[in-house]
Protein chains: 2
Amino acid sequence: MQNFEYYNPVRMVFGRQTIPKVSDLIPRERKVLMTYGGGSIKQNGVYDQIQQAMAGRGLLEFGGIEPNPAYETLMKAVEVCRKEKVDFLLSVGGGSVLDGTKFIAMAAHYSGGDPWEILTKNAAPERAVPLGCVLTLPATGSEMNCFAVISRQATQEKLAFANPMVYPQFSILDPETTFTLSERQVRNGIADAFAHVMEQYMTYPVNAPLQDRQAEAILLTLIEEGPKALKNPRDYDCRANLMWAATHALNGMIACGVPQDWATHMIGHEITALYGLDHAQTLVVVMPAVWKHQKQAKAAKLVQYAERIWGIKDGGEKAATAIRRTEEFFRSLGMKTRLSEYGIGAERFEEIAERLERRGAKLGEQGTIVGKAVVEILKLCL
Amino acid sequence: MQNFEYYNPVRMVFGRQTIPKVSDLIPRERKVLMTYGGGSIKQNGVYDQIQQAMAGRGLLEFGGIEPNPAYETLMKAVEVCRKEKVDFLLSVGGGSVLDGTKFIAMAAHYSGGDPWEILTKNAAPERAVPLGCVLTLPATGSEMNCFAVISRQATQEKLAFANPMVYPQFSILDPETTFTLSERQVRNGIADAFAHVMEQYMTYPVNAPLQDRQAEAILLTLIEEGPKALKNPRDYDCRANLMWAATHALNGMIACGVPQDWATHMIGHEITALYGLDHAQTLVVVMPAVWKHQKQAKAAKLVQYAERIWGIKDGGEKAATAIRRTEEFFRSLGMKTRLSEYGIGAERFEEIAERLERRGAKLGEQGTIVGKAVVEILKLCL
């Protein structure tokens, strides 16, 4: 096991009818800006629940944060924060709203220059606006971590930052809020959580059996509960299990003391930035290709995955069979596993590799995936 | 799954050569009292490492905290805290030192009356002395929770309290500090962690597959790594795996949304209080007896445990076989599984049941283990 630090102070409030607690969780004297997305919270009752809980407290609102939250949009919320002296942000929605809110929290206090530097230069203000979250879409794990991924439309960039200042002070997860998600949102969420686990698991063994089994626990839960959620959208326990699994997929626990990959995410972000595919759609396409390309380096973990997750007992081709079973699982959820199915060809593969190289990205748990290797992986996605 | 809240702000610092970080983790201006136990830290080099890291900072010391930390001893440390205006406690040792330090942290600011009320009346001061921990014995999980168990010699009582104010601000875990533990300490630690998992797992199913598998992940790690640690005391990875598993056994994660038992601990505490057995020795004796007595109520989880942990596939007697395999596992570590092996008979069983009843204790996940049932369980321990 490698040395590590683990610190995660998010208060998780989980279960039915928990949204009204938001009122007690935000100190009375705070000036609160509620952030949200395209307005689904107005259909599913969440907006009303929050308005009721926060009645008489002068709650401000900023809606319209899009999937792949855009710098251009978020900077408008930053203006509101500065003008209204907002000192608490309440993110209501999925991971995109929350990631965007984390950026707003940092940017509102950033006076050094263009807040985009938070993403490009690892810059940070001295403090961030404190924030809390009501989560309505299990997927990104953002509710229990200090990461965020932000896009900039003008430059077609999609970049990530991490800062302990943006740990939510609390995250409220009521699985009933997920009953009305679209099938596309549900399967994207399953795929996103699955890929998060894999970025921390599918590397090379470092004798960390607890972390391995904790990762496998999440994978097995996603595989069992995912199809059930699509079939019976109002099965509470199933939704609760998916929601809690997605949180664990990226709350840092399974990353303790083990190497991490993240090549799939880095390449996937480029595809989203250039072609507009959903984040999860890119992961499902790229992940198997990374495994195929890195079959030697990941051999031991691929075999363990084959045996423990898919119960594959037969001899030589465990790794290949496990990759195929993974693709079949995603196809069974209704997802595409090839870029060609999205009408994407090899035309911009070199450009993607160059964009990554320009930023100095060395992908994979060994930092060996650069340049030509990126193009090779992308070709395996066709 | 049941509703729950999870909050755990402890900063875990894990790995080789991490003890010197203590200096950065405690703010410079603090007046620090280091607490420790019988002096093993002076043999294993930990004391020296801390003295070196904290050189020139006027570190105060309070040694001699015993296993089953005693109110009588701890109150002497409370006097030191008050007199010297200590504003940071550094616990160096195992769970007993840390539990004792948590009590000191509370009692030093308790002005309502006898600090023993913290245990008997759930009383609490307005604030506690902040504390940090250097852990040298994996067992209790105290390094990543806000629980403590304290004994009072005068009344032969052993009681627990919980308060978020006593979460350690940090816990440093260097597995190398465990190389020199005695065999008895190692096997007690394995048993303690095993029992902690079981109190949160061996109840009834609530459709919480992730939590179940997270619990099973810890059990499998303890079963695999425990015997190795006894055989090769200087196997770093093995020690690291045991240490991290013991932390997870009681950091609250596997308790999320599931029922909890704790009958084994409650009965075990009485046996320690009256007969002086090691805490873990009592758990190994009582736990199988609780399962035998509660075989109907725990039937579904006993079968799941049999299948997933011990790979028992045969028909009708899975539960009984799993209980036997558990006892065999502890015997293989060199532990006794019967009270009679310790020369203890049934003489005080009624007294134990009465002591628990007087405190209003309703044991087990359903609160149904009281009076006669306690005596019946104790008879199954003979």
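B:Gly276 takes a positive phi of about 80° just after helix α10 of chain B. This value comes from a predicted model.

Helix α10(B) itself covers residues 263–275 and has 13 residues. From its first C-alpha to its last it reaches 18 Å. That is close to the 18 Å expected at 1.5 Å a residue.

How many of the 13 residues of α10(B) are buried? The count is 11, so the helix is largely enclosed by the rest of the structure. Among the buried residues are B:Ala263, B:His265, B:His269, B:Glu270 and B:Ala273. The buried residues of α10(B) pack against two strands, β7 (147–152) and β8 (157–162), of chain B. They also pack against helices of chain B: α7 (183–201), α11 (279–293), α14 (349–358) and α15 (372–380).

Chain A offers a second view, strand β3. This strand spans residues 32–35. A:Val32 and A:Met34 point one way, while A:Leu33 and A:Thr35 point the other way. In a regular strand the side chains alternate between the two faces of the sheet. Buried or exposed, which are A:Val32, A:Leu33, A:Met34 and A:Thr35? All are buried.

Strand β3(A) pairs with β5(A) and is joined by bridges to β4(A). Both partners are set out here.

| Partner of β3(A) | Residues | Sense | Bridges |
|---|---|---|---|
| β5(A) | 88–93 | parallel | four |
| β4(A) | 60–62 | parallel | three |

A:Leu33 takes part on each side. Its bridge partner in β5(A) is A:Leu89. In β4(A), A:Leu33 stands opposite A:Leu60.

Technical notes. Residues are numbered from 1 along each chain as its sequence is written. Chains are lettered from A and ligands numbered from 1 in the order in which they are written. This is a predicted model: local features need pLDDT of at least 70, side-chain atom pairs count only at pLDDT 80 or more; totals for chains, interfaces and linings use all residues. A residue is buried if 20 or more other C-beta atoms lie within 10 Å of its own, exposed if 12 or fewer, and partly exposed in between; C-beta atoms are placed from the backbone. Two strands pair if DSSP finds at least two bridges between them. The expected span of a helix is 1.5 Å times one less than its number of residues. Two residues are in contact if their C-beta atoms, placed from the backbone, lie within 7 Å.
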